[in-house]
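Me: I should like to go through the side-chain contacts of this protein with you, one pair at a time. May we begin once the sequence and structure are in view?

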Amino acid sequence: LNTDELQKVQTEMSPILSRHNSKATTLPGLFEKIDKVYKKRQEAGLNSEQIRLVERIHMDFTRSGAHFDEAAQKEYADIKAELSSLTTKFQQNVMKDEGTYELVLKVDDLKGCPDSLVQAAKQAA
């Protein structure tokens, strides 16, 4: 599944999806509503699971920069898009390296291993 075509799409789409996520979490007015619910979570009649959900959502939006001003949100989105591109490139390099990796074992190297493991290794070779 690690084809050149798929890697090209992944490389192209990674920063686009990152920016889309940034826009979704910084939608004007959305964080203010989440923050309002968060501040009143204890007296809102919510059970412990609902309170935890509100806290998690608030934390996720906060970590995504929703509380930043507009300039900081743009800068943070740019950083996340660049990080997304670099992460994708790194993952692709690791997959490429692992695709050419070969472990050569001798029969003596498998001493002490269960017979089922030795047979599976023979079949996979």
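**Salt bridges and burial in a predicted model**

Reply: Asp-60 has a relative accessible area of 36%, so this residue is partly exposed. Please note that the model is a predicted one.

Me: With which residue does the side chain of Asp-60 meet in a salt bridge?

Reply: Asp-60 has a partner four residues away in helix α3, which means that the two are separated by about one helical turn. That partner is itself partly exposed, because its relative accessibility is 36%. The N to O distance in the salt bridge is 3.8 Å, and the partner of Asp-60 is Arg-56.

Me: Is Arg-41 buried or exposed?

Reply: The side chain of Arg-41 meets that of Glu-55 in a salt bridge, at 3.0 Å from N to O. This pair links distant parts of the chain, 14 residues apart, with Glu-55 in helix α3 (residues 48–63) and Arg-41 in the loop between α2 and α3. Glu-55 counts as partly exposed because its relative accessibility is 23%. The relative accessible area of Arg-41 is 16%, and the cut-off for the buried class is under 20%, so Arg-41 is buried.

Me: Which residue joins its side chain to that of Asp-35 in a polar contact?

Reply: Asp-35 lies in helix α2, which spans residues 30–39. With a relative accessibility of 16%, Asp-35 counts as buried. The polar contact between the two side chains is 2.8 Å, and the residue joined to Asp-35 is His-58.

Me: How far apart are the closest N and O atoms of Asp-108 and Lys-111?

Reply: Asp-108 counts as exposed because its relative accessibility is 56%. Lys-111 counts as exposed too, at 64% relative accessibility. These residues form a salt bridge, for which the cut-off is within 4 Å; the closest N and O atoms are 3.7 Å apart.

Me: Which residues are joined into one network by salt bridges that share partners?

Reply: The count of salt bridges comes to six. Those that share partners make one network, and the residues joined in it are Arg-19, Lys-74 and Asp-78.

Me: How far apart in space are Leu-6 and Gln-73, C-alpha to C-alpha?

Reply: Leu-6 has its place in helix α1, residues 4–25. Its relative accessibility is 41%, so Leu-6 counts as partly exposed. In sequence, Leu-6 and Gln-73 are 67 residues apart; in space, the C-alpha to C-alpha distance is 30 Å.

Definitions and conventions
Residues are numbered from 1 along each chain as its sequence is written. This is a predicted model: local features need pLDDT of at least 70, side-chain atom pairs count only at pLDDT 80 or more; totals for chains, interfaces and linings use all residues. Side-chain values use heavy atoms; hydrogens and water are left out. Buried means under 20% relative accessible area, exposed over 50%, partly exposed in between (1.4 Å probe, protein chains only). A polar contact is a pair of N or O atoms within 3.5 Å; within protein, one must be able to donate a hydrogen and the other to accept it, and residues adjacent in sequence count only if both atoms are side-chain atoms.
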